[in-house]
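Visitor: Please pick one part of this protein and take me through it closely. I would also like to hear how that part sits alongside the rest.

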Amino acid sequence: MAEKSKSVLLPVMAAAVFAGLGRMVFQKIRADRAARSTKVAGPLDEKTKAWISEVVRTPRQ
């Protein structure tokens with residue numbers, strides 16, 4: 001009785017896809033932690049919001 005040869009391609013492709021997705025998740029987690037620690041986009045008070053709005057609307061001279 002001849003044995004069936006099993007393809008190795010499907011498990012290898014599945015492993016590659018899961019590894020890629022896992023890598024993307026870890027990169028996202030690291031980026032979120034870095035953004036949280038630097039607080040680049042922190043909460044703004046009303047005075048700062050008004051100043052930014054004025055600067056954006058006023059054309060440069």
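Guide: Let's begin with a cut-off we will need: a residue counts as exposed when its relative accessible area is over 50%, as buried when it is under 20%, and as partly exposed in between. Please keep in mind that this is a predicted model.

The part I would choose is the pairing of D32 with K28, a salt bridge in which the closest N and O atoms are 3.1 Å apart. A search of the whole structure finds 1 salt bridge, and this contact fits the description, because the cut-off for such a pair is 4 Å. In general, side chains of opposite charge can pair when their charged atoms come close. Here the helix helps to place the partners: D32 and K28 are 4 residues apart in helix α1, which covers residues 9-38, so about one helical turn separates them.

How open are the two partners? K28 has 52% relative accessibility, so it counts as exposed. D32 is at 33%, which means it is partly exposed.

That openness has company elsewhere. Buried residues make up 0% of the 61 residues in the protein. The protein has 2 helices and 0 strands, and it exposes about 6,500 Å², with carbon and sulfur atoms supplying 64% of that area.

Now for the other helix, α2. Its 12 residues reach 16 Å from first C-alpha to last, close to the 16 Å expected at 1.5 Å a residue. Helix α2 is hardly covered, with a count of 0 buried residues. W51 lies in this helix, which runs over residues 46-57, and W51 is exposed because its relative accessible area is 55%. Together with L44, I52, V55 and V56, W51 makes a nonpolar surface patch of about 500 Å².

Key
Residues are numbered from 1 along each chain as its sequence is written. This is a predicted model: local features need pLDDT of at least 70, side-chain atom pairs count only at pLDDT 80 or more; totals for chains, interfaces and linings use all residues. Side-chain values use heavy atoms; hydrogens and water are left out. Patches are made of residues with over 30% relative accessible area and no salt bridge: like charges are joined within 9 Å, nonpolar side chains (Val, Leu, Ile, Met, Phe, Trp, Tyr) within 5 Å. Accessible areas come from the Shrake-Rupley method with a 1.4 Å probe; for residues, only the protein chains shown count as cover. A salt bridge is a side-chain nitrogen of Lys or Arg within 4 Å of a carboxyl oxygen of Asp or Glu. Buried means under 20% relative accessible area, exposed over 50%, partly exposed in between (1.4 Å probe, protein chains only). The expected span of a helix is 1.5 Å times one less than its number of residues.
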